[in-house]
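Visitor: I am new to this structure and would like to learn how to read it. Please show it to me, and I will ask about what I see.

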Amino acid sequence: MTTTVLRPIEGSFHLIGIGGAGMSVVAELLKERGATVSGSDRSDSDALTRLKSRGISCFVGHDAANVPEDATIVVSTAIRETNPELVIGRKRGQRIIHRSRALALAASGMRFLAVAGAHGKTTTSGMLAVALRAAGLDPSVAVGGIVPQFGSGAHLGTSDVFVAEADESDASFLNYRPNIEIVTNVEPDHLDRYGTPEAFEEVFLDFARQLDVGGVLIVCAEDPGAARLASAALELGIRVLTYGRPETSLIPADIEISELELSARSGSAIFASSAGIVRVAVNVPGVHNILNAAAAWAAGVLLGIEPQVMASSLEAFTGTARRFEARGEVDGRRVFDDYAHHPTEVAASIAEARIVAGDAPVVVVFQPHLFSRTRIFAERFAQALSGADRVVVTEIYAAREDPEPGVTAELISSKIEGALYVPDMHEAARLAARECGEKGIVLTMGAGSITDCADDVLEEWSIMAGQE
């Protein structure tokens, strides 16, 4: 394979909130392409330790003194105007760009594959990146989660292919000009920004319009919003490839999925399309991951990889951090951690846990993410969580939002029979551990700090084991 020589990126960049999943990826990629990179975050983290090991200057705490005078300042939507580093940058007249524009700069000169969707995009983009490398097409990567094969969510490859997770939450994915787009689903989310499901769907159509000339849109035919997107894109003259099971697809699927075989740790299926018929096996469980594999397989074939080679290469993917990630076991009880923070994701993760647990109990400790999302989807969260045997709900992770009067996690727990509301997440995790029966599973779930509580579960089980 011929190594692609990319033009170095010159200049200095300072990233506010550099420890975040999206920001840390951009920092690594800019550094690997030759830029001088620094940044700050409100607290220390493993991400900052990793960035420092790569020669990136990282500061704990936000302070105007952290910002080099000649740097382009990179921000996300979560950074407030009162941040002292943003304030000094505006006062000096420094260039300020959104994270997505910095990512587009890091991908300049490459074939750009953007993976979007209300959920599933991290797994699908990670799966695609790992499979492409296994197939011999080493891509550059920007994924909002740790991919074990890369050691982070960022990787500067040797080919001219760039795979990126594309964020719809603030419409920043409209800053990209992809050659190939994957949309896993268009299920309404972020209604605090978009207002209506129709407006949310419209931004995905705008995303499709961003395709480069001759680009291809790959969408799931089983998702209603994605099916509507496919139809609208076709009317605009955009080339569309659809994938799905014929019996559950809402529009004809160009890639038909059949003969599914699922286990607690893997799955397989037949993919049939104009490119041929292949048997695909994946080392991650669940129907949703078979669907994700179909999207990744289609993208690889479009890049010129032989269909069977791409099919075989998908087996190299073993998951991303915080996607039903095994965190430990004590006396036959196991704890898994999952990033699920949308009702559909929650339901899928609990279904996955059910397969893994067999007849044993499944206990979920759930941390809602955002006040607005909790208010809008409280009923649906309750329905999704009801698939577990026992549910403990802890307080809302506010992230970028201010509290809303009357909005607490009790909006969810009060709608689930037998559910408990425990505001302190560490106490909630320990209670979940005690509620878990023999050979059972505890699932710590949410997009916020709940990931830190798997250790509480393991510690509680160790104490229980010592008392027995």
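Visitor: What percentage of the residues of the protein chain count as buried?

Guide: A residue counts as buried when its relative accessible area is under 20%. In this predicted model, 57% of the 468 residues of the protein chain meet that description.

Visitor: What radius of gyration does the protein chain have, and what would a compact globule have?

Guide: The radius is compared with a rule based on the number of residues. For 468 residues the rule gives a value near 23 Å, and the protein chain has 22 Å, so the two agree. Along the principal axes, the C-alpha atoms fill a box of roughly 65 × 60 × 40 Å.

Visitor: How many helices and strands are there?

Guide: The protein chain has 15 helices and 21 strands. As for contacts with a separation of 6 or more, 66% join residues 24 or more positions apart.

Visitor: At what angle do helix 5 and helix 9 pack?

Guide: Helix 5 covers residues 121-134 and helix 9 residues 287-302; they pack at about 50°, with axes 9 Å apart. Helix 5 is therefore oblique to helix 9. Their crossing is right-handed.

Visitor: Which residues meet where helix 5 packs on helix 9?

Guide: From helix 5 come Thr123, Thr124, Met127, Leu128 and Leu132. In helix 9 they meet Asn289, Asn292, Ala293, Ala295, Ala296, Ala299 and Gly300. Sorted by class, this contact has seven nonpolar and five polar residues, and no charged ones.

Terms used: Residues numbered from 1 in each chain as written. Predicted model: local features only at pLDDT ≥ 70, side-chain atom pairs only at ≥ 80, totals over all residues. Heavy atoms only, no water. Axes fitted to C-alpha atoms, helices over the stretch in contact; angles between N-to-C directions. Helix = DSSP H or I, 4+ residues; strand = E, 2+ residues; numbered from the N terminus. Parallel < 35°, antiparallel > 145°, perpendicular 65-115°, else oblique. Left-handed = near helix turned anticlockwise from the far one by under 90°. Contact = heavy atoms within 4.5 Å. Nonpolar A, V, L, I, M, F, W, Y, C, P; charged D, E, K, R; others polar. Rg over C-alpha atoms; globule rule 2.2 N^0.38 Å. Buried < 20%, exposed > 50% of the residue type's maximum accessible area, 1.4 Å probe, protein only.
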